Amino acid sequence: MLPLLIALSAAQSSSTSTQGQIGYAVDDVQLNMGDLHLAAGAGVSILGRDQRVFVSGTALAELAPWFSVHSMGTFAVADLDDDGGQWFHAEAGVAFHGTKTQRSVEDVLLEQNSYTSGDTRYTNTNTARMPVLERSQVGLNAGAIVRQGRTRLGKEDSGLTQSTMLLPYAGVFFSSGVGQSARIEGYGTRSVYRFMWVGADVVYAGPSQSDVAPTGELNDFGLRFHTNASFGRPGTIGLGGRLEVGALPGGLGGYLLASGAVTTNLRVFGTRSGRSRSRPSSSGGKKPKK
């Protein structure tokens, strides 16, 4: 790990851009983007049987290099479909994963220019591919969603009633943290401080207050995908968001939760362990072929 860190922090290196190679100097490398990731924000629930504006909070705690816990909760503040019923969506889960640190490549924007010719507007962008250190985790994810809202009265009845549902889930988990600031020759300083975590899960129709009970059929299973992103240096306040989209089990249909948030990434538990699986290189990339 140390030789790789030294290689990235060298006084001068080179990076491949859309116009060839350019020099850059690394000013800061944050190998540890934190192990307690918090967010508080607001968003909307759409595409489902319950459409709401909500405030929300999320948390991910890396308690060990192989184990994390996470939670999310919402509180409705406005009803978009005049249903008038109670609604919330919350979850808690655990993830078992491996942790590694490796060299990867980040696309950074150098400049962007726009101009208009006739009725058409054109945009030219110039980007560079800069080596960075990425700390990532991949593993298994499991937990349960508690959701209150409208649900079907029965398997053969399309009528709706208010109900609280417990929806267990299991799937795969991925997280990624990158933190680096570099001075790029002719373009000034470019920084990337980002942490994100993603899950893809199968959801099961568990206990409910309504008469809809699991039957063992395919209809009892749903799917969901969620991604959370935070942008900002560790220990500071940043911005981010969450997107969750899926299809609820029991014939309840698709849904989408989208929110923006104020975020922070804190170093609390000291679980930054990871292994490097790449070797240092004296060049940031090969020159493009003509």
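Here are some numbered notes on this structure, from its general layout down to single residues.

1. First, keep in mind that this is a predicted model. The mean pLDDT of the protein chain is 83, and 80% of its residues reach 70 or more. Two stretches deserve some caution. Residues 1-12 stay under 50 in pLDDT, and the model gives them 26 contacts beyond four places in sequence. Over residues 276-290 the pLDDT is also below 50, with 35 contacts beyond near neighbours in sequence.

2. Now the overall layout. You'll find one helix and 12 strands in the protein chain. Reading from the N terminus, the order is α-β-β-β-β-β-β-β-β-β-β-β-β, so the helix comes before the strands. Of the 290 residues, 44% count as buried. The accessible surface comes to about 14100 Å², and 57% of that belongs to carbon and sulfur atoms.

3. How much of the contact list joins residues at least 24 apart? Taking contacts between residues at least 6 apart in sequence, the share is 67%. Ala-200 and Leu-140 show how sequence and space can be compared: they sit 60 residues apart in sequence, with 9.7 Å from C-alpha to C-alpha.

4. Salt bridges come next, and a search of the whole structure finds 12 of them. In one, the side chains of Arg-183 and Asp-27 meet at 2.8 Å, N to O. This pair links distant parts of the chain, as Arg-183 is in strand S8 and Asp-27 in strand S2, 156 residues apart. Arg-183 is partly exposed, at 43% relative accessible area, and Asp-27 is partly exposed too, at 42%.

5. Another salt bridge joins the side chains of Arg-233 and Asp-28, at 3.3 Å from N to O. Arg-233 lies in the loop between strand S10 and strand S11 while Asp-28 is in strand S2, so the pair ties together parts that are 205 residues apart in sequence. Arg-233 counts as partly exposed because its relative accessibility is 40%, whereas Asp-28, at 18%, counts as buried.

6. Are Arg-135 and Glu-62 buried or exposed? Arg-135 is buried, with 6% relative accessibility, and Glu-62 is buried as well, at 0%. Their side chains meet in a salt bridge of 3.1 Å, N to O. Arg-135 belongs to strand S7 and Glu-62 to strand S4, and 73 residues separate them.

7. Salt bridges can also join up into a network, and here one links Glu-91, Asp-201, Arg-224, Arg-242 and Glu-244. Arg-224 turns up again among the residues that Ala-200 touches, along with Gly-171, Val-172 and Phe-225. Ala-200 itself lies in strand S9 and is partly exposed, at 34%.

8. Have a look at strand S5, which holds both Thr-74 and Phe-75. Thr-74 counts as buried because its relative accessibility is 11%, but Phe-75, at 55%, counts as exposed. The side chain of Thr-74 reaches the backbone oxygen of His-89 at 2.9 Å. Contacts of Thr-74 beyond four places in sequence include Phe-54, Val-55 and Trp-87. Phe-75, for its part, joins Val-55 and Val-77 in a nonpolar surface patch of about 280 Å².

9. One last residue: Tyr-115, in strand S6. Tyr-115 is partly exposed, with a relative accessible area of 41%. Beyond its neighbours within four places in sequence, Tyr-115 contacts Thr-120, Arg-121, Tyr-122 and Asn-124.

Notes:
Residues are numbered from 1 along each chain as its sequence is written. Side-chain values use heavy atoms; hydrogens and water are left out. Patches are made of residues with over 30% relative accessible area and no salt bridge: like charges are joined within 9 Å, nonpolar side chains (Val, Leu, Ile, Met, Phe, Trp, Tyr) within 5 Å. Accessible areas come from the Shrake-Rupley method with a 1.4 Å probe; for residues, only the protein chains shown count as cover. A salt bridge is a side-chain nitrogen of Lys or Arg within 4 Å of a carboxyl oxygen of Asp or Glu. Helices (H or I, at least four residues) and strands (E, at least two) are DSSP runs, numbered from the N terminus. Buried means under 20% relative accessible area, exposed over 50%, partly exposed in between (1.4 Å probe, protein chains only). Contact means heavy atoms within 4.5 Å. pLDDT is the predictor's confidence in each residue, from 0 to 100. A polar contact is a pair of N or O atoms within 3.5 Å; within protein, one must be able to donate a hydrogen and the other to accept it, and residues adjacent in sequence count only if both atoms are side-chain atoms.
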